[in-house]
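Work through the exercises below with the sequence and the model open beside you. Try each task before reading its solution.

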Amino acid sequence: MEEKLVLFVCVKNSARSQMAEAFFNYLNDDPRFKAMSAGTEPAEDIDPLARKVMEEIGIPLEGQKPKLYTQDMADEAYLVITMGCLDRCPYAPPEKTWDWGLEDPYGKPIEKYREVRDEIKRRVLKLIEDLKAGKSREEIIGRKSLFTL
């Protein structure tokens, strides 16, 4: 059984995509799928407020580090989900890229981080449900090309 990779991408890979990866791997119990995250211009470390809001709900980001998004990652991924930064994403295969259009909470109050965290959780739960139900990539994305939720 080949494991399908869901790749969450944002610019710094320090908040939104890290939260999405953590949620996916924490909430998903299907060994056919795993998540990873990366950034087009990765930060040095995880955003402290992203770390804090995830710890509030019992999902630590311990051991996670921002990673550089590469062409190889895009090629390997079953789905590439950008967090609202599609315009800054150099590798976005149209048949498997979905832009979630999420606001970057960086520099905003912790309440914005919580709002973004909760929206990511909602979307990740739906994504896991669709993957486990056997929906095709096209059904999940909504069409055969780039799509903003």
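The exercises that follow deal with a helix, some salt bridges and a pocket.

This is a predicted model, in which local features need pLDDT of at least 70 and side-chain atom pairs count only at pLDDT 80 or more, while totals for chains, interfaces and linings use all residues. Residues are numbered from 1 along each chain as its sequence is written, and side-chain values use heavy atoms, with hydrogens and water left out.

**Exercise 1.** Compare the span of helix H4 with the expected span, and find its buried residues.

Solution. Helices are DSSP runs of H or I with at least four residues, strands are runs of E with at least two, and both are numbered from the N terminus. H4 covers residues 110–132, which makes 23 residues. The expected span is 1.5 Å times one less than the number of residues, and the 33 Å from the first C-alpha of H4 to its last is close to the expected 33 Å. Next, apply the accessibility classes, in which buried means under 20% relative accessible area, exposed over 50%, and partly exposed in between (1.4 Å probe, protein chains only). The buried residues of H4 include Ile110, Tyr113, Val116, Ile120 and Leu127, and also the charged residues Lys112, Arg117, Arg123 and Asp130. After H4 comes Gly134, with a positive phi near 85°.

**Exercise 2.** Locate the salt bridges of Glu56 and Glu119, and say how exposed the partners are.

Solution. A salt bridge needs a side-chain nitrogen of Lys or Arg within 4 Å of a carboxyl oxygen of Asp or Glu, and by this rule there are 20 of them. Glu56 pairs with Arg114 at 2.7 Å, N to O. This pair links distant parts of the chain, since Glu56 is in helix H2 (residues 48–56) and Arg114 is in H4, 58 residues apart. Glu56 is partly exposed because its relative accessibility is 37%, and Arg114 is partly exposed at 27%. Glu119 pairs with Arg122, their closest N and O atoms being 2.5 Å apart; both lie in H4, 3 residues apart, or about one turn of the helix.

**Exercise 3.** Describe the lining of the largest pocket.

Solution. A pocket is an open set of points on a 1 Å grid over the protein atoms alone where a 1.4 Å probe fits, with protein on both sides within 12 Å along at least five of seven lines, and its lining residues have an atom within 4 Å of a point. The lining has 15 residues, of which Lys12, Ser14, Asp47, Asp104 and Tyr106 lie nearest the centre. By class, 7 are nonpolar, 2 polar and 6 charged.
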